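Me: Please take a close look at the empty space in this model, the pockets and cavities, and tell me what lines it. I would also like to know how far the coordinates can be trusted and what the packing and backbone around them look like.

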Amino acid sequence: MKRITRRASLRALSLAAASTVAVSVAPAFAQDETVSIGYAVARTGPNATGAGITTIPNYELWVDTVNKAGGLTMPDGSKRLIEVVEYDNRSSNQDLVRSIERLASQDEVDLILPPWGTGANLAIAPLMARFGYPQLAVTAVTDKAPEFAERWDRSFWMLGGGHDYAAGLVDVLSAARDAGTINNQVAVVSVADGFGIDLISGARPAFEEAGFELVYDETYPLGTSDFAAIMSEAQGSGADSFVAFSYPPGSFGMTKTAQSMGYNPKVFYISVGGAFPIYPGIADGKAEGVMAIGGVNADSPAIQEYFAKHTEFVGNPPDSWASAITYASLEMLAQAIERVGLDHAALAAEISTGTFDTVIGEVTLESNQLRDLWWVGQWQGDAFRAINPADADGASTPIIPKPEW
């Protein structure tokens, strides 16, 4: 584990510019004139790709933006700079739990930001509740969000559930089937992790109810690197639609394997990683028509401004799914602090009931959940565009069949 404070950060090579800003100005302020914010996010291990694209850059961008503006605004109008305490959870829930305990009991930070991933957020939810911190579970996909929000009333679930994404995908495929573009057969694979289990559990009944036949339904272990057998069986299944409820390593590995073997289903859908800015490079410049989880309204001026700001600061654009929601959650946090301060109970109550202006528009949570979300997106040209819900403002028309690799 690595602890990054004002003093240590100058010596930490992995510390990005956001915390450096806090360091450069913080010594002029007393401790009660700063806000300490801690997080334990994967910089190493299998979760590092997702965390390094979706979570960490947005944390650093937000801290940099806030500190350059003078700090977080308090209810009395004063401003406090952000001081960051960071640990690498090494993609281990054991390390993550230990880090959260240390942030709360030893570092005694004012606020704790969440890790990346469904399993990681579920692992720390009881701890966050025990210590009384609000938990912005912004990268957790779970059908149990209503239950968790009720059990831990200071937790906020902002990425929907598996049945939401499955239903959105089924809507897209149903329209294509009814138009005679694809058959009613689907080959589906899922990662054996909380995320994949939630998605496939929602997808199976949704496909059946819509009249689709799952001609191939395979689960693979987290950490799998060889997808040749899976993709070969999917190719031989006769299904026009290939669906993978996958994390980035699987999303990328299956893409490369499909290309190498000439597997060209009319629908090629992957999950986490498909909306990442690195995906077109992973797909050897042939991402056109690939569908994945999430999406953004690529024509929104607010999204375009956010993309430009992120790209300038980080050096790369954000992903087109959870990145903007992550940044929006931080904007919500800052606005809630300005209204009620740092008291955890008051802060949680304000996040739960307040209305906030964010990069994704005006946000009001429903029973501690963000429900106004994009479920399916697709690479079209140089942008990953939202295509479902089809009737939402900013939705693009799907391209089916996908062009061959």
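**Cavities, pocket and their surroundings**

Reply: The lining of the second largest cavity is made up of eight nonpolar residues, with no polar and no charged ones; the structure is a predicted model, and every value here is computed from its coordinates. The residues around this cavity are Leu 111, Ile 112, Leu 113, Pro 114, Pro 134, Leu 136, Leu 333 and Leu 347, and the volume they enclose is about 60 Å³. Rolling a probe the size of a water molecule over the atoms shows where empty space is left, and a search of the whole structure on that basis yields three cavities of 30 Å³ or more.

The largest cavity has a volume of about 90 Å³. Of the 14 residues in its lining, Trp 116, Thr 139, Leu 159, Val 272 and Trp 321 come closest to its centre. Here the classes are mixed, for the lining of the largest cavity holds nine nonpolar, four polar and one charged residues, whereas that of the second largest cavity has neither polar nor charged residues.

The open space is a separate matter. The largest pocket has a volume of about 500 Å³, and among its 24 lining residues the ones closest to the centre are Ile 360, Gly 361, Asp 372, Leu 373 and Trp 374. Two elements, α12 (322-340) and β13 (361-364), each give two or more residues to this lining, and β13 gives the most, with four. By class, the lining of the largest pocket divides into 14 nonpolar, five polar and five charged residues.

Helix α12 deserves a further look, since, besides its part in the lining of the pocket, it packs against another helix, α2 (residues 48-68). Two packed helices are described by the angle between their axes and the distance between the axes. For α2 and α12 the angle is about 35° and the axes are 9 Å apart, and the crossing is right-handed. On the α2 side the contact involves Ile 53, Thr 54, Asn 58, Tyr 59, Leu 61, Trp 62 and Thr 65, and these meet Ala 322, Ser 323, Thr 326, Tyr 327, Leu 330, Glu 331, Leu 333 and Ala 334 of α12. The residues of this contact comprise nine nonpolar, five polar and one charged. Leu 333 links two parts of the picture, for this residue takes part in the contact with α2 and is also one of the residues that line the second largest cavity.

A few backbone details may matter if you prepare the model for further calculation. The peptide bond from Asn 388 to Pro 389 is cis, with omega near 10°, and Pro 389 is found in the segment after β15 (383-388). Pro 401 also lies in the segment after β15, where a cis peptide bond, with omega about 5°, joins Ile 400 to Pro 401. Arg 90, a residue other than glycine, has a positive phi near 55°, and its place is in the loop between β3 (79-88) and α3 (93-105).

As to confidence, the chain averages a pLDDT of 92, and 92% of the residues score at least 70. The exception to keep in mind is residues 1-30, over which pLDDT stays under 50, although the model has 54 contacts beyond four places in sequence for them. Where pLDDT is low, the predicted coordinates should not be read in detail.

Conventions. Residues numbered from 1 in each chain as written. Predicted model: local features only at pLDDT ≥ 70, side-chain atom pairs only at ≥ 80, totals over all residues. Heavy atoms only, no water. 1 Å grid on protein atoms, 1.4 Å probe; cavity = no way out; pocket = protein on both sides within 12 Å on 5 of 7 lines; lining within 4 Å. Points joined across faces, edges and corners; volume = space filled by probe spheres on them. Nonpolar A, V, L, I, M, F, W, Y, C, P; charged D, E, K, R; others polar. pLDDT = per-residue confidence, 0-100. Contact = heavy atoms within 4.5 Å. Axes fitted to C-alpha atoms, helices over the stretch in contact; angles between N-to-C directions. Left-handed = near helix turned anticlockwise from the far one by under 90°.
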